[in-house]
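Reader: Please show me the model. I would like to go through helix packing and salt bridges.

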Amino acid sequence: AASRATDADLKRLREQLAKMQAYARQGSLKQYNQIDHLFHYEIACCSKNQLLITIEELISDLVENSISVGITPLNALNNSILFHSKIYEAIAKSDSTAASMLMEAHLQGGILYVEKYLETEDPPYDT
């Protein structure tokens, strides 16, 4: 995405980020989670990799459910905004290395949170 994003791609990505920030300020978690998913989809579109775009489309429900589980704690919302902003900045600067590292850290953090949550609580959705 960082090496292939066009100005139009960056504009769409920036728009999703702005919506996420607005929903975060309002405390609208449901809307935030929907836009968070769209942000990830837009990154896939920026890559111009049709396989990645198709995978993102196929697993969209799973991604949205995972996001909603991972964003529940209050501080998770602030961390999410911070990561998404940094990811956007790396893509906008065409810094593939930073974008990749940030996205990996972001996804790993979400995976760890969901694993910890599932060990201590009943899942919020059917597994």
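Reader: What is the handedness of the crossing of helix 1 and helix 2?
Author: This is a predicted model. In it, helix 1 spans residues 7-26 and helix 2 spans residues 29-47. Their crossing is left-handed.

Reader: Are helix 1 and helix 2 roughly parallel or roughly antiparallel?
Author: The two helices pack at about 165°, with axes 9 Å apart. Angles over 145 degrees count as roughly antiparallel. Helix 1 and helix 2 are therefore roughly antiparallel.

Reader: Which residues in helix 2 are met by helix 1?
Author: Helix 1 contributes D9, R12, L13, Q16, L17, K19, M20, Y23 and A24. By class, the contact has eleven nonpolar, two polar and five charged residues. On the helix 2 side are Q31, Y32, I35, D36, L38, F39, E42, I43 and C46.

Reader: Is D9 buried or exposed?
Author: D9 forms a salt bridge with K48, the closest N and O atoms being 2.2 Å apart. D9 sits in helix 1, and K48 in the loop between helix 2 and helix 3, 39 residues apart. K48 is partly exposed at 42%. D9 has a relative accessible area of 4%, under the 20% cut-off, so D9 counts as buried.

Reader: Which residues are joined into one network by salt bridges that share partners?
Author: E42 pairs with R12, the closest N and O atoms being 3.2 Å apart. E42 lies in helix 2 and R12 in helix 1, so the bridge ties together parts 30 residues apart in sequence. Shared partners link the salt bridges into one network of D9, R12, E42 and K48.

Technical notes: Residues numbered from 1 in each chain as written. Predicted model: local features only at pLDDT ≥ 70, side-chain atom pairs only at ≥ 80, totals over all residues. Heavy atoms only, no water. Axes fitted to C-alpha atoms, helices over the stretch in contact; angles between N-to-C directions. Helix = DSSP H or I, 4+ residues; strand = E, 2+ residues; numbered from the N terminus. Parallel < 35°, antiparallel > 145°, perpendicular 65-115°, else oblique. Left-handed = near helix turned anticlockwise from the far one by under 90°. Contact = heavy atoms within 4.5 Å. Nonpolar A, V, L, I, M, F, W, Y, C, P; charged D, E, K, R; others polar. Salt bridge = Lys/Arg side-chain N within 4 Å of Asp/Glu carboxyl O. Buried < 20%, exposed > 50% of the residue type's maximum accessible area, 1.4 Å probe, protein only.
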